[in-house]
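Biologist: I should like to learn how to read the features of a protein model, one at a time. May we begin with the idea of burial?

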Amino acid sequence: MKIVQVALQRPHTFIVLALLILLLGVFTILRIPIDIFPNINIPVIAAIWSYTGLSPDDMAKRIILLTEKSAQTDISNVEHTESQSLNGIGVAKYFFQPNVNEDLSYAQITGMSQTLLKSVPPGTTPPSILAYNASTVPVIQLALSSSTLSESQIFDLGANVVRTTLATVPGAAIPFPYGGKLRQIQVDLDPKALRADGLSGTDVTSAIAAQNLILPAGTQKIGSLEYYVRLNASPTQVAQLNDLPVATHNGSVIYVRDVAHVRDGSPPQTNIVRQEGQRAALMSILKTGTSSTLDVINGIKQKLPQMQALLPPGLKIQVLGDQSIFVRSALSGVVREGAMAAVLTGLMVLLFLGSWRSTAIIFISIPLSILASVVCLSGLGQTINIMTLGGLALAVGILVDNATVTIENINSHLEQGKAVEPAILDGAQQIALPMLVSTLAICIVFVPMFMLTGIAGYLFVPFAEAVVFAMLASYLLSLTLVPTLAKYWLRPHEAQAAGHGVLARFQAGFDRLRKRYHTLLEAALRSGARFAGVFLLAMASSAILAFPFGRFLPGLGQDFFPSVDSGQILLHVRARTGLRIEQTAALCDAIEATIRQSIPASELSSVVDNIGVPYSGINLAYSTSGPIGPSDADIYLTLGQNHHPTATYVSLLRHKLSALYPSTSFAFLPADITSQILNFGLPSPLDIQISGPNVDADRQYADLLLQKVRAIPGAVDVRIQQAFDYPQLNVNVDRSKARLVGLTQSDVASKLNDLAATPLRPSSGAPAQMLSNVAVFHRSAAPGVVSHYNAMPVIDIYGSVQGTDLGFMSAQVNKIIASQHDLPRGAQVFVRGQVQTMNASFNGLLAGLVGAIVLIYLLMVVNFRSWLDPFIIITALPAALAGIVWMLFLTHTTVSVPALTGAIMCMGVATANSVLIVSFARERMAAGDDAFSAASQAGFARFRPVLMTALAMIIGMVPMALGLGEGGEQNAPLGRAVIGGLVLATVATLLFVPTVFRLIHGRRHAAQAT
């Protein structure tokens, strides 16, 4: 080919090009963001509304519902809306279509929210607007504690020093602190003193408001100078507020100190954080957008010394939940697997080729192909993550193929006595087109991945890009750099001169193996249809293993992604609804004691409690645990190094805690960064939503459904998120009585503090009254949280799995839902969460698998200009699928997205090997041989390249399949699927494909002869 001639004529050009790839690749690696997953850019904008004291029901009906309905009509490209309304706080989330103009959407929501301020109850705080995406998850936490500072001081330092200092780190989103106490000037009223003086709390409020002002007094020119004028309108010390006059009575002044006490305090605590039993505050740092997790965490850690200098010496800062440890371990594990694969593959090539120089040329092309792929990925805005690294590690085995085929062909021409340059030209020209077809066959199987949408698309497009770019770079290098290096390093008769010692013995053993294979192949060819039928039946029967058939054939099962052991546990506790936060803290003390009894102290690194609802709605917008009140708590457990499997402790605690605390609900939530991203903000992988206008009827249906879902084997942590039994005290004001004493509903509402004993002073000037004189009290239950989906009330049933797979759980849930015929009128049931994403991804990848086979077939049709021979080539693919099923079954590996990705990869590699057999057999038939002889010679001649290609891929996948190290579980199914598929696909390529070729072409030849 001309490009090979150019490479031989201008070798310096391509050596410099290789050096440029090396330098640019290293430079790119140093600058490209590093993360656990690709950026999942599904945009979300949250509007956080607050009105202190407003009940969840009123918050939902009077504020949040208005924003949701307005969003559906006034804002473009909204995919769906979700909302949670709690006491005094409402969070409305707007999920947008992909590729939306986020800036425009942000502006539209901001404008809409300002317009709605006239429609919501007076006094509602304008909303905070946040923009983020599915990749916005906590990456590190800071625990602030002190033995000398109060909780108010800790919170104040966290909000005003720590938060403002760390907010400058690029890519970091830092909500307000969890826990601590909000610093606030408190006015404690004395109801008896107020009643004695005929006053109410409003009088005190009015007095403080009228005498605590910030008023500009301007300047005054006196003589030759101009003076600032300052008025003592605002007290500068807390004690001065106690001296403010409230009213006069019988000629004497009544001061604030006579009817109240002003102090530097805090409002009632709704959020408590404890670290190792000590009161603390917790700062959660999230990464945003395309920012690198490692860059964000490194930036936070670099700021810590500077920040510590601004804080009192008594404040202790401890780093918790550092996700960079897991990310680094997971990524280094993939790199280590890739490096091991390269070394093992290189040794295998050395054994087959028997030449150090030839092996060195091949070995140089592998890292250059990978670096070229990294440069292309960076140019497209991708990151280094387990998906792109997994694609590159997967490519290592097949990158060897192009360079190996080129070098082997060059060596075969050198053995014929040719000079180096003619051998290079002839060898490269002979394999250029078949190698192009082989490369395209592998690349084309990834084309359907580019059509995936949603989370699956964001995850697997970078994976496909990494493999395709590496393969194309390998093909170009095999036609340019490999011939260039061969010109300098190879010598005439290189292949013959190289074999000594171990290599010579291996070559002799390999020759004996090839002869035995030839004997076996001829036997298969003679058996013809009988062998083909038995082989095809055996492959088809393997499908039984994939589906559940009784106790001994449980099937493969389905999971979205394999679970990883990150050494972190997040336990969500929900006590009796409405339990006071002090009682919830006492309950957490007992639960902590049980945990410490269950997990050895040497394996338990830290325990942090986060009790109640955070002070800021911003924290709620980012939260994935779903707290609704003071009876909720999150307990974060971090295990030390060399701990027992995390799943073992989770199972133990799940059983033990439920038995010891039967009236308390427990749920183990996603703790590691991968599970949080894949759950996309939900606290569990399974979310059954009952949506309908009749909440009472929906609740009854949900209770019935809950019991049936709990009965599913392996279903755990199944609970209803919404609580409907929050204790409520109803104050029914008798408007007639109130009017007789000069009171209005507004007077009652504005002065409702100590309930029955609350003194009420009518605005009309009538004598003061007590609330109990005009109102009746009774208890009832109210919703603790009101949830909406697309402005429709919903009830969520959350659940997880233990000891089974998510696919089984999903199938059982669907059966239960289908069997229920008492769905309330107007209601609908949806299964959302990770289950929904998993099913969508599986459908997309299975369609991609079928699409890959079709595309391969069409590519072969174009190449061979025949409809029949491409069919012969793809007859090896059923064996590849059978091999995948067998390997997953024997290793107890569920079908997951990585496993399906490996299956797609197998289609390309198996096809490439079959092309070698069929193309050679066609050449022999064109030369005059019959079908039997052509098939026999094709198998014998192509035995080495087919075996080398398959072994290179299999050996390259062994480190990945073992799943060693942190995060190794993620890509292990991919490696296992590839190994299992290629083992049987190689057998089919070497035995079944030649047999099918002989049967089809033999009959055609016989038909043509007659």
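Modeller: Certainly. A residue is called buried if its relative accessible area is under 20%. Please bear in mind that this model is predicted.

Biologist: Is Y517 buried or exposed?

Modeller: Y517 has a relative accessibility of 7%, so it counts as buried. F943, at 4% relative accessibility, counts as buried too.

Biologist: How does one describe a pair of aromatic rings?

Modeller: Two values serve to describe such a pair: the distance between the ring centres and the angle between the ring planes. In this structure, a search of the whole model finds 13 aromatic pairs. One of them joins Y517 and F943, whose ring centres are 4.6 Å apart and whose planes lie at 20 degrees; the pair is therefore stacked, as planes under 30 degrees apart count as stacked.

Biologist: Where in the chain do Y517 and F943 lie?

Modeller: Y517 belongs to helix α18, residues 502–527, and F943 to helix α33, residues 943–962. The two residues are 426 residues apart, and their pair links distant parts of the chain.

Biologist: Which residues form an aromatic cluster?

Modeller: F37, F460, F560 and F561 form one such cluster.

Biologist: Which charged end sits over the ring of F176?

Modeller: That of R163, at 4.0 Å from the ring centre. Likewise, the charged end of R832 sits over the ring of F830, 4.4 Å from its centre.

Biologist: How many disulfides does a search of the whole structure find?

Modeller: In general, a disulfide is a covalent bond that joins the sulfur atoms of two cysteines. The search finds zero disulfides here. Consider C443: the closest cysteine sulfur, in C376, is 12 Å from its own sulfur, which is too far for a bond, because a disulfide needs sulfur atoms within 2.5 Å. C443 is buried, at 8% relative accessibility, and C588 is buried with a relative accessible area of 0%.

Biologist: What of empty space within the protein?

Modeller: A probe the size of a water molecule, rolled over the atoms, shows where empty space is left. The search finds four cavities of 30 Å³ or more, and the largest cavity holds about 450 Å³ of space. That cavity is lined by 34 residues, of which P138, Q141, S284, L570 and Y636 are the closest to its centre.

Biologist: Which element gives the largest share of that lining?

Modeller: Strand β19 does, with six residues. By class, the lining of the largest cavity comprises 19 nonpolar, 13 polar and two charged residues.

Definitions and conventions: Residues numbered from 1 in each chain as written. Predicted model: local features only at pLDDT ≥ 70, side-chain atom pairs only at ≥ 80, totals over all residues. Heavy atoms only, no water. Phe/Tyr/Trp six-rings, centres within 6.5 Å; stacked < 30°, edge-to-face > 60°. Helix = DSSP H or I, 4+ residues; strand = E, 2+ residues; numbered from the N terminus. Buried < 20%, exposed > 50% of the residue type's maximum accessible area, 1.4 Å probe, protein only. Lys NZ or Arg CZ within 6 Å of the ring centre and 35° of its normal. 1 Å grid on protein atoms, 1.4 Å probe; cavity = no way out; pocket = protein on both sides within 12 Å on 5 of 7 lines; lining within 4 Å. Points joined across faces, edges and corners; volume = space filled by probe spheres on them. Nonpolar A, V, L, I, M, F, W, Y, C, P; charged D, E, K, R; others polar.
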